[in-house]
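Here's a quick tour of the structure below. Have the viewer open as you read, and start with a word on what counts as a contact.

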Amino acid sequence: MNVQVTINGEKLSADVEPRLLLVHLIREVFRLTGTHIGCDTTHCGACTVLLDGRPVKSCTMFAVQVHHRDIQTVEGLEQNGALHPLQEGFIAEHGLQCGYCTPGMLMTTKAFLAKHPSPSEDEIRWAISGNLCRCTGYVNIVKAVQHAAAKLRAAAPAGGAR
Amino acid sequence: MTTPKTSPEVGGMGHSIKRKEDPRFIRGKGTYVDDVVLPGMLYLDIVRSPHAHAKIVKIDTAKAMAVPGVLAVITGADLAKYNLHWMPTLMSDTQMVLPVEKVMYQAQEVAAVLATTRYAAADGAAAVEVDYDPLPAVVSPQKALEPGAPVLRTDKKDKKDNHIWHWEWGDRAATDRAFSEAEVTVREQIYIPRIHVASIETCGCVAYFDKVNDKLTVWMTTQAPHAIRTVFALVAGHVGLAEHKIRIISPDIGGGFGGKVPVYPGYVIAVAASVLTGKPVKWIEDRMENLQADSFARDYHITAELAAKKDGTLTALRIKTLADHGYTDAAANPSKFPAGLFHVCTGSYDLKAAHVEVDGAYTNKPPGGIAYRCSFRVTEAVHTIERMVDIMAHQLGQDPAEFRKKNFIKPEQFPYKSALGWEYDSGNYAGALDKAMQTIGYAELKREQAEKRQRGELMGIGISSFTEIVGAGPSKHFDILGLKMFDSCEIRVHPTGKAIARFGTKSQGQGHETTYAQILAEELGIPAKDIQIEEGDTDTAPYGLGTYASRSTPVAGAAAAVAARKIVDKARRLAAYLLEVAPEDLVYEPGKFSVKGAPNRSKTIQDCAFAAYTNHPQGMEAGLEAVSYYDPPNLTYPFGSYICVVDIDKGTGEVKVRRFVAIDDCGNIINPMIVQGQVHGGLTMGLAPALLEEISYDEHGNVQGGSFIDYLLPTAVETPKWETGHTITPSPHHPIGAKGIGESATVGAPAAIANAVVDALWHLGVRHVDIPITPPKVWKLLREKGVTE
């Protein structure tokens with residue numbers, strides 16, 4: 001089957017088996033390997049990407065389900081050589097160690113901050129509870145998200161959330 | 001932290017510089033094994049046993065071979081032709097790569113399918129038909145050792161039972177005497193269950209045997225690439241693999257924690273498939289394979305006894321342990337110590353007598369006995385002593401904090417020789433405990449607890465004052481498969497004063513590219529940003545035993561300092577030549593040599609590096625390079641005190657960790673930000689087995705907890721808001737006074753949580769609860785004690 005999809009703003013297409021998983025379309029067909037696989041069963045969130053702006057776990061979706069839709073992956077976060085505030089936050093607050101869960105964390109929190117510009121710590125913890133990290137104990141991931149939230153608020157036009 | 005010696009621009013020890021690894025990881029540009037794709041690469045998938053113990057009657061591959069894209073089905077019989085169906089374990093036992101006669105645990109590898117795509121390989125694996133003749137499964141180690149139990153290892157001639165080994169340590173007679181003279185004794189059965197490290201990246205490899213050059217390259221998830229190369233050469237030498245033609249590349253690794261030390265059958269099958277086909281072969285396990293078949297940790301059945309005087313002075317410790325190893329002893333231990341460093345079990349206490357016995361047993365479970373972010377059975381040791389000390393304190397009606405302080409090894413007793421023979425390098429245990437008590441407000445919490453108890457609320461305060469033992473290890477006592485446990489650093493300073501350094505270790509998230517550069521910056525004065533760190537490629541890095549058991553800083557970090565000092569020695573001679581003075585007339589501060597009494601006359605390390613290639617004196621070799629293979633004189637003994645406050649929900653049995661203060665001491669600190677991050681992660685991997693994680697088996701040997709549906713890793717919601725701090729007691733024998741920090745928290749935290757739970761329930765008559773302390777377990781206990789909501 002032919003799948004046409006926009007990934008990080010680029011229109012791409014591929015002929016795929018109907019059963020091909022979305023994560024394999026992204027990683028193996030389009031060679032965007034920043035999206036990782038950790039559990040194959042929707043539990044760990046390492047494969048999280050944004051589908052029309054909403055986080056989905058790409059290990060349990062078929063590639064054909066994203067036909068004519070918009071996907072964002074970690075590779076699309078950096079714009080014109082400028083890191084996304086979340087990427088800056090993860091570096092500044094030591095929000096990553098082995099880096100394997102990081103792309104999924106970044107995508108989940110990007111969608112979260114778009115809806116919750118001033119989240120509390122507990123809201124952040126609930127927001128990332130579908131993304132497992134074995135290295136950091138989450139403390140610094142929470143700080144990284146707070147770091148990014150502050151930066152995004154500062155950059156947002158007065159009175160409006162981004 | 002003491003003030004850093006170097007400027008922030010140099011970024012030596014004590015600076016929280018940002019990690020060099022991060023720019024690639026936050027862009028999704030790391031290279032993990034599954035990201036490696038080679039032209040013409042084939043895929044391997046594995047057929048696994050549904051039975052815990054069964055004879056293989058027949059393997060029918062016809063339907064699998066008919067699947068489009070399937071090229072071959074590999075069985076034990078195929079490997080037997082090359083004598084590769086069995087392999088040695090790290091403990092010199094034997095393990096099947098693929099079985100010929102019978103399977104020994106559920107999820108054991110039975111056959112492997114090689115295909116042109118990942119999906120075709122999976123289809124092929126599903127189409128392989130295996131006829132089994134089930135055999136009775138021996139699941140419990142106690143039953144395994146009963147007379148008349150079915151003998152599992154029928155492959156071993158003359159093996160008449162399921163007993164693997166007996167090991168004991170310490171002075172039995174003195175310990176028995178101390179117990180017979182004791183005024184008070186306590187005894188407890190403690191089970192520390194089977195768990196799994198469950199790094200978020202599973203295991204896998206890409207093996208490529210280049211038939212033109214006879215060269216095997218394997219990208220694999222390994223924490224110990226050099227040792228793996230040697231093992232491959234030894235195991236497969238007879239089929240033509242020679243060590244100079246084997247290159248192991250350990251790329252970015254998505255968490256290791258001990259689970260990526262062993263050689264799993266999948267790696268070996270992939271290598272064999274590539275050697276046979278001459279094509280690259282990728283094998284990546286899925287999560288269920290990872291949890292069900294890869295090496296487990298712990299599974300120790302412990303009987304512990306502690307003796308004391310009435311005044312609370314501890315006198316002796318006696319431990320008997322039954323270790324369930326599954327069907328083979330595939331533990332990752334130094335070969336001299338089949339129970340690892342379990343005999344550090346006297347902990348932080350000045351015990352005059354101790355004796356430990358451990359017996360290993362075979363069962364129909366997956367092999368292992370590896371670490372779970374811990375140095376060779378140290379968590380088992382710490383959990384036991386910290387539980388027992390707490391039980392004794394409660395039994396005597398003494399405050400657990402004061403009781404610990406009374407029995408601690410005192411600062412002036414270091415170096416301290418323990419009753420079980422270890423020489424503790426340095427410590428200030430009361431200092432850490434005092435700081436933890438102060439931080440958490442211990443006295444106030446005790447008052448709150450007393451009030452709440454009046455009201456029938458269940459609140460507990462638990463302490464763990466652990467001592468770790470890391471940095472294996474001195475070659476006199478430490479080897480794995482005969483390979484001594486040194487580690488290495490090789491430095492090359494380039495003409496322009498920048499440098500590259502390579503190590504025998506391999507980071508799995510610990511941040512070595514940053515911290516090693518900081519050690520070198522501290523010694524050489526070359527900015528950390530100007531030093532490239534590389535690990536994990538056996539064709540380029542010096543030989544070392546790898547990263548596990550918190551050994552990177554204690555061993556390879558020491559090698560870095562020693563190699564750097566060799567560089568400084570040569571640079572000093574170059575500076576002396578440039579300044580036309582004698583080397584001994586120079587004063588060195590990191591990065592600069594100046595003439596004694598004439599500080600304006602100086603040369604930088606960069607000047608010396610340039611001269612080493614452009615203007616070196618006659619008679620001196622050109623270049624500025626050094627290597628060190630560091631054999632540590634002793635292990636290092638990090639320590640800390642943790643205090644945990646829990647509230648127990650009487651209605652649900654849920655244990656809620658309200659506060660957790662962790663004061664750690666890992667000696668001198670290289671990067672405070674990274675150290676704190678290691679503690680956060682370690683604490684979370686301490687919470688996990690304390691409250692959530694267990695892999696258990698039913699009576700038929702069916703695994704329970706073999707997926708993330710029922711093997712529960714803590715999410716951000718269950719994880720407490722950790723409060724951390726530190727004291728600094730340098731290691732006297734380590735070149736930079738550092739110890740190790742990656743595992744302390746995993747080792748120390750479970751006991752603090754368990755002690756807090758028991759503290760909340762002691763007045764109800766509860767003396768001990770085995771981990772994981774799950775809501776159903778607590779709920780049942782509360783009902784037994786007559787507590788209702």
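Two residues are in contact here if their C-beta atoms, placed from the backbone, lie within 7 Å. On that footing, and leaving aside neighbours within four places in sequence, Ala560(B) is in contact with Cys489(B), Ala501(B), Tyr516(B), Ile519(B) and Leu520(B). Bear in mind that this is a predicted model. The rest goes from the core out to one helix, then the domains and the chain contact.

**The nonpolar core**
- The largest nonpolar core holds 319 residues, and those touching the most other members are Val113(B), Ile269(B), Leu520(B), Ala560(B), Ile753(B) and Val757(B).
- Helix 15 of chain B, residues 552–579, is the top contributor to this core, giving 14 residues.
- Leu520(B) turns up twice, as one of those core members and as a contact of Ala560(B).

**Helix 12 of chain B**
- This helix covers residues 429–440, so 12 residues, and runs 17 Å from first C-alpha to last, close to the 16 Å expected at 1.5 Å a residue.
- Its buried residues are Tyr429(B), Ala432(B), Leu433(B), Ala436(B) and Ile440(B).
- Why do the buried residues line one face of helix 12 of chain B? Looking down the axis, they fall within an arc of 95°, so they sit along one face.
- The cover over those buried residues includes helix 11 (400–407) and helix 13 (442–454) of chain B, along with strand 21 (458–467), strand 31 (639–648) and strand 32 (655–665) of that chain.
- Right after helix 12 of chain B comes Gly441(B), with a positive phi near 75°.

**Domains of chain B**
- Chain B splits into domain 1 (22–30 + 487–630), domain 2 (33–135 + 203–284) and domain 3 (296–472 + 634–784).
- The centres of domain 2 and domain 3 of chain B, taken over C-alpha atoms, are 37 Å apart.
- Where these two touch, domain 2 of chain B puts in 18 residues and domain 3 of chain B puts in 23.
- The domain 2 side of that contact has 9 nonpolar, 8 polar and 1 charged residues.

**Where chain B meets chain A**
- The contact takes 42 residues from chain B and 40 residues from chain A.
- On the chain B side, the elements giving two or more residues are helix 1 (22–25) and helix 17 (672–692) of chain B.
- Helix 17 of chain B gives the most to that side, with 7 residues.
- By class, the chain B side comes out as 16 nonpolar, 15 polar and 11 charged.

Methods. Residues numbered from 1 in each chain as written. Chains lettered and ligands numbered in written order. Predicted model: local features only at pLDDT ≥ 70, side-chain atom pairs only at ≥ 80, totals over all residues. Domains from an automatic or database assignment. Nonpolar A, V, L, I, M, F, W, Y, C, P; charged D, E, K, R; others polar. Helix = DSSP H or I, 4+ residues; strand = E, 2+ residues; numbered from the N terminus. Expected span 1.5 Å × (residues − 1). Buried ≥ 20, exposed ≤ 12 C-beta atoms within 10 Å, placed from the backbone. Arc of directions from axis to C-beta. Core = buried A, V, L, I, M, F, W, Y, C linked by C-beta atoms within 7 Å.
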